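Trainee: I would like to go through this structure term by term. Please start with the words, then apply them.
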Amino acid sequence: MEMSLQDRVALITGASSGIGLAAARLFIEQGARVGVLGRTEDQVRRAAADLGGEERAIPLVADVADEHQVRQAIEALVRRWDRLDIVFANAGINGVWAPIEELRSEEWEQTLRINLTGTFFTIKYAVPYLKRQGGSVIVTSSVNGTRMFSKSGASAYATSKAGQVALTKMLALELAEFGIRVNVICPGAVETEIEGNTQKRDLEDTGWPADFPEGGVPLTGGGPGKAEDVARLALFLASDASSLISGTEIWIDGTESLLQG
């Protein structure tokens with residue numbers, strides 16, 4: 001199956017670690033040049049350097065929740081390589097998980113601002129460049145809010161992830177005439193650093209008791225997937241191998257969500 005990205009330019013948000021970094025590495029191996037976007041300058045610059053430096057990867061420092069910063073970063077990427085073919089809107093946080101009456105409005109708004117509005121900003125400012133020749137947009141959502149609703153207190157996170165799927169389907173139809181495909185990946189448990197962005201509070205008495213078999217991911221024998229597993233799916237969706245796929249959500253979770261939904 002041909003999955004070359006030779007001479008294509010990709011923007012990956014949340015690219016300094018986890019799924020984003022694994023995807024950047026894989027895209028570059030397949031011939032792409034990558035804008036490595038993240039909000040922590042030291043991490044972004046280190047990741048870009050490790051990926052091959054200015055010839056293959058450039059650092060883009062931006063908070064996806066800041067519209068002006070996102071627009072500037074995309075403009076800088078296009079100035080560098082004069083095109084944009086692939087957008088992997090991967091940045092996100094778990095945010096605060098708490099009972100609805102304990103969840104503060106600013107905590108709700110922060111999670112939606114980064115996860116959902118940040119995805120909107122990323123795609124909005126990339127689309128004018130994608131329209132020049134067509135391309136692929138890939139969004140990282142989650143099993144939570146799309147096929148799994150058993151994570152107590154994750155209402156803000158799940159809502160942001162469900163919103164990403166709706167946005168993807170709307171844009172897939174809107175942008176089809178320009179040869180732009182828009183798809184969404186829904187990972188389950190994956191070994192990444194996103195748990196560091198999670199704050200769980202007052203959940204002891206929230207939710208229904210459930211007795212799952214030991215190990216949450218049946219296909220792996222219980223353990224989480226790897227960032228590289230999701231990166232390979234992103235590569236498929238970025239490449240011409242998926243040329244007729246658009247408006248589709250793909251769960252990549254080793255059947256975890258079927259067990260725990």
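Mentor: Ala, Val, Leu, Ile, Met, Phe, Trp, Tyr, Cys and Pro count as nonpolar, Asp, Glu, Lys and Arg as charged, and the others, Gly among them, as polar. This is a predicted model, where local features need pLDDT of at least 70 and side-chain atom pairs pLDDT 80 or more, while totals for chains, interfaces and linings use all residues. Residues are numbered from 1 along each chain, and side-chain values use heavy atoms, without hydrogens and water.

Trainee: How many nonpolar, polar and charged residues are in the lining of the largest cavity?
Mentor: The lining holds 4 nonpolar, 5 polar and no charged residues. Among them are Val64, Ile114, Gly118 and Thr122. By the rule above, Val and Ile count as nonpolar, and Gly as polar.

Trainee: What makes a strand an edge strand in the open sheet?
Mentor: Two strands pair if DSSP finds at least two bridges between them; strands are DSSP runs of E, at least two residues, numbered from the N terminus. The order is S3-S2-S1-S4-S6-S7-S11, with parallel pairing. Strands S3 (57-61) and S11 (249-252) each have a single partner strand, so one side of each lacks a neighbour in the sheet.

Trainee: How do you know that S7 and S11 pair?
Mentor: Strand S7 (residues 180-187) and S11 share 4 bridges in the parallel sense, and the rule asks for at least two. Proline 187 stands opposite isoleucine 252 in S11.

How values were computed
On a 1 Å grid over the protein atoms alone, a cavity is a set of points where a 1.4 Å probe fits but cannot get out, and a pocket is an open set with protein on both sides within 12 Å along at least five of seven lines; lining residues have an atom within 4 Å of a point.
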